[in-house]
Amino acid sequence: MAEQLIDLRSDTVTRPSAAMRRAMAEAEVGDDVFGEDPSVNRLQDQVAEMLGKEAALFVPSGTMGNELCIKVHTRPGDEIIAEAGSHVFNYETGGAAFLSGVQVHTVTGTNGQLRAPQVAQAIRPKIYYMSATRLVCLENTHNRAGGTVYPLPWIEEVSSLARREGVGMHLDGARLWNASVASGIAPAEYARHFDSVSVCFSKGLGAPVGSAIVGTREFIEEARHYRKIFGGGMRQVGVLAAAALYALEHNIARLGEDHAKAAELARALSGAPGVLIEPESVQTNILIMDVVGTGRPTDQLVAELRQGGVLMMSATPRTLRAVTHLDVTMDQVKHAARVANDVFGRGT
Ligand code: TLP
């Protein structure tokens with residue numbers, strides 16, 4: 001039974017609560033392709049204000065948000081710089097190449113974070129036979145590095161370099177809310193160093209669907225054009241905007257609880273046989289465990305955990321990922337840790 005499983009695969013698995021569903025049922029709606037959905041308009045105004053930008057656009061997914069921003073920032077043949085483990089490079093199915101015709105110049109960071117000198121080296125000289133570097137994409141928190149929070153001074157350094165070089169800055173802020181709660185730094189403080197930012201309501205905030213992008217009015221108008229081309233122009237989508245508005249109001253401050261659950265999981269599993277957890281990488285709600293020492297492939301561990309009623313994901317061939325969220329309690333996390341300790345300890 002799905003209800004009995006403790007699902008730690010992602011914070012995307014959360015389901016709308018009864019109160020969120022009520023807000024959705026009661027949402028005022030209109031045709032958003034005509035710009036007439038009051039709930040969408042309210043959400044866009046609120047997100048633009050929270051991120052300190054002129055305008056926002058509601059989009060179906062974080063992937064579409066990132067890909068729209070890349071599209072607006074670039075022309076085919078351009079180059080964008082992204083961290084080697086970034087979502088835009090690894091998990092958007094080659095979207096930057098497919099949709100924008102750009103190549104991704106990857107640079108390996110530490111904890112998913114790039115420092116200014118590395119970015120400086122990756123920016124192409126402005127020579128006609130080289131691809132033009134148009135955009136630097138950063139990710140905060142960084143998913144594949146384990147939900148790490150980008151230190152603000154490092155972002156500032158990269159951003160002032162990019163400005164000097166005439167290169168745009170985009171933030172994949174799918175979990176910017178988590179970064180903000182963990183660091184105490186307001187989302188707008190991060191956003192001010194970027195020309196565009198994407199944020200998600202469908203991860204830790206618990207909405208069923210939806211993301212937004214922010215930027216200047218002109219940027220967002222162009223993104224609206226491409227959103228229609230990409231098939232993301234939606235009609236009475238205020239039912240989803242209402243879920244996002246509910247999430248912004250009720251589910252940001254509580255993200256700290258998810259961070260505490262991830263810290264507890266890390267603590268409980270740090271001594272597990274064959275498991276390596278970098279303590280400095282557990283900063284928000286994502287826990288990445290190197291499980292090579294268990295001597296078993298990650299797929300097998302995932303299957304054994306499932307038999308014990310716990311769902312985790314294989315992140316790379318040597319790592320497992322567990323993500324805490326509002327649909328798992330601290331007690332369930334403690335139970336999951338006992339199951340995982342038992343699974344990891346087998347055969348050693
Ligand atoms: N990430 C998903 C998977 O695609 C890996 C997850 O379960 O974590 N940026 C970042 C940093 C993300 O982690 C994700 C989703 C996205 C963008 C894309 O969001 P969606 O799934 O809404 O397209």
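How many disulfides does a search of the whole structure find? The search finds 0 disulfides. The structure is a predicted model; this briefing covers its cysteines, the surroundings of its ligand and the packing of helix 14.

**Cysteines**
- Cys-137 takes part in no disulfide, and the nearest cysteine sulfur, that of Cys-69, is 8.6 Å away.
- Because a disulfide requires two cysteine sulfur atoms within 2.5 Å, the 8.6 Å separating the sulfur of Cys-69 from Cys-137 does not qualify.
- Cys-200 is likewise in no disulfide, with the sulfur of Cys-69 again the nearest cysteine sulfur, at 11 Å.
- Cys-137 is buried, with a relative accessible area of 4%, and Cys-200 also counts as buried, at 3% relative accessibility.

**Ligand surroundings**
- Around the ligand there are 14 residues, of which Ser-10, Thr-63, Asn-143, Asp-172 and Arg-175 come nearest.
- Helix 3 (residues 62-73) gives the most to this shell, with 3 residues.
- Polar side-chain atoms lie 2.7 Å from a ligand oxygen atom in the case of Ser-10, 2.8 Å in the case of Arg-175 and 2.9 Å in the case of Arg-321.
- The ligand taken alone exposes 520 Å², and the protein buries 83% of that.

**Helix 14**
- Helix 14 (residues 330-345) has 16 residues and should span 22 Å at 1.5 Å a residue; its end C-alpha atoms are 22 Å apart, which agrees.
- Its buried residues are Val-333, Ala-336, Ala-337, Val-339, Ala-340, Val-343 and Phe-344.
- These buried residues pack against helix 12 (255-269) and helix 13 (298-307), as well as strand 1 (6-7), strand 9 (286-290), strand 10 (310-311) and strand 12 (319-323).

Conventions
Residues are numbered from 1 along each chain as its sequence is written. This is a predicted model: local features need pLDDT of at least 70, side-chain atom pairs count only at pLDDT 80 or more; totals for chains, interfaces and linings use all residues. Side-chain values use heavy atoms; hydrogens and water are left out. Helices (H or I, at least four residues) and strands (E, at least two) are DSSP runs, numbered from the N terminus. The expected span of a helix is 1.5 Å times one less than its number of residues. Buried means under 20% relative accessible area, exposed over 50%, partly exposed in between (1.4 Å probe, protein chains only). Contact means heavy atoms within 4.5 Å. A residue is near a molecule or strand if one of its heavy atoms lies within 4 Å of it. A polar contact is a pair of N or O atoms within 3.5 Å; within protein, one must be able to donate a hydrogen and the other to accept it, and residues adjacent in sequence count only if both atoms are side-chain atoms. Accessible areas come from the Shrake-Rupley method with a 1.4 Å probe; for residues, only the protein chains shown count as cover.
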